[in-house]
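Trainee: I have a model open and want to learn how to read it. Could you take me through it feature by feature?

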Amino acid sequence: MTAPVPELTLPEELLLLALDPRRGSPCCSGRSLEYGTAGAVLRELELQGRVTGEGGRIRVLDPLAPPDPFLAQVLGSLSAPGAGRYPGDADTRRWVRQTGRYVQELCLEHLVRRSVLRKETHRFLGLLPYHRHPAADPALSLAVRDRFAAAEAAGFPDPRGRTLAALVSAVGLSGAVARGGLRSRWTMQGLVDEEWTAHAVHRNVRQDRANRRRGSHLSGGGGSSGGD
């Protein structure tokens, strides 16, 4: 019998799907997961009637702080109506890119305070500190994955499940969590363009890939000069 799943926000659920429950390391690109966490919190705020996405921009509808302290802190970082150059809105893709790390750190801290995750500090080469976040109870992570698998088997019938599936695909996590094979992964991929936050996440992930390919090409070109 799996453990009951506590009430989780979309970014929390995405992190529990992405993090190896025992090692606490992500099963996808860490940078992509940051984008995904930022996109997930925007969608969570939209589902609560706090923001909306129109024309590639985030618009704040209700600036009053929600009860969840993590969501309240993120909402407070967005422009309130009537403030800034663009009243109450921000470019979605840019916001996801610029705030992904900050939003993910906030979410991880919130999960640690709720005793859902633990925080472990390690040192790279014995010098540079970095953190891992294993599950406080691995059974909970398994239950989250089982719930996602049930939604997958049902074809993601509800809006939250469709958003989570789109974000899973956008960050490159579907191969690690999908249980329905290639067809299921294609279904998740098809949801990305339907979900405005997942679309913004995917654009940033693609930009990073393009930047890496460009850097590799330039590096390879420099190394091959002076040959034949």
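**Reading the model**

Mentor: Begin with one residue: Phe 156 sits in the loop between H5 and H6. Its phi is positive, about 50°, although it is not a glycine. This is a predicted model, in which local features need pLDDT of at least 70 and side-chain atom pairs count only at pLDDT 80 or more, while totals for chains, interfaces and linings use all residues. Residues are numbered from 1 along each chain as its sequence is written, and side-chain values use heavy atoms, with hydrogens and water left out.

Trainee: How should I read a positive phi?

Mentor: Most residues other than glycine have a negative phi. Phe 156 departs from that, at about 50°. Ser 115 also has a positive phi, about 60°, and is not a glycine. Ser 115 lies in the loop between H4 and S4.

Trainee: Is Phe 156 buried or exposed? And is Ser 115 buried or exposed?

Mentor: The labels rest on relative accessible area: buried means under 20%, exposed over 50%, and partly exposed in between (1.4 Å probe, protein chains only). Phe 156 is at 2%, so it counts as buried. Ser 115 is at 55%, so it counts as exposed.

Trainee: How many helices and strands are in the protein chain?

Mentor: Helices (H or I, at least four residues) and strands (E, at least two) are DSSP runs, numbered from the N terminus. The protein chain has 9 helices and 5 strands. From the N terminus on, their order is α-α-β-β-α-β-α-β-β-α-α-α-α-α.

Trainee: What do the chain totals say?

Mentor: Of the 228 residues in the protein chain, 45% are buried. Contact means heavy atoms within 4.5 Å. Among contacts between residues at least 6 apart in sequence, 65% join residues at least 24 apart. Accessible areas come from the Shrake-Rupley method with a 1.4 Å probe, and for residues only the protein chains shown count as cover. The accessible surface of the protein chain is about 11,900 Å², with 51% of it belonging to carbon and sulfur atoms.

Trainee: Why is helix H1 described as largely enclosed by the rest of the structure?

Mentor: Count its buried residues. In H1 (residues 10-18), 9 of the 9 are buried, so the helix is largely enclosed. Among them are Pro 11, Glu 12 and Glu 13. These buried residues pack against H2 (30-47), H3 (69-77), H4 (92-113), H5 (138-153), H6 (159-170) and H7 (174-177).

Trainee: Can I see that packing from the other side?

Mentor: Take Thr 37, in helix H2. Thr 37 is buried, with a relative accessible area of 0%. Leaving aside neighbours within four places in sequence, Thr 37 touches Pro 11, Leu 14, Leu 15, Val 103, Gln 104 and Cys 107.

Trainee: Which residues is Val 205 in contact with, leaving aside neighbours within four places in sequence?

Mentor: Ser 32, Tyr 35 and Ala 170. Val 205 belongs to helix H9 and is buried at 2% relative accessibility. The C-alpha atoms of Val 205 and Arg 31 are 8.3 Å apart, with their positions 174 residues apart along the chain.

Trainee: How many salt bridges does the structure hold?

Mentor: A salt bridge is a side-chain nitrogen of Lys or Arg within 4 Å of a carboxyl oxygen of Asp or Glu. The structure holds 13. Glu 34 and Arg 31 form one of them, at 2.6 Å, N to O. They are 3 residues apart in helix H2, which means about one helical turn. Glu 34 is buried at 9%, whereas Arg 31 is partly exposed at 29%.

Trainee: What does a bridge between distant parts of the chain look like?

Mentor: Arg 43 and Glu 195 meet at 3.4 Å, N to O. Arg 43 is in helix H2 and Glu 195 is in the loop between H8 (181-191) and H9, 152 residues apart. Arg 43 is buried at 10%, and Glu 195 is buried at 9%.

Trainee: Which residues form the nonpolar patch on the surface?

Mentor: Patches are made of residues with over 30% relative accessible area and no salt bridge; like charges are joined within 9 Å, nonpolar side chains (Val, Leu, Ile, Met, Phe, Trp, Tyr) within 5 Å. Here Phe 124, Leu 125, Leu 127, Leu 128 and Tyr 130 form the nonpolar patch, with about 570 Å² of accessible area together. Leu 127 is in the loop between S4 (120-124) and S5 (128-132). At 61% relative accessibility, Leu 127 is exposed.
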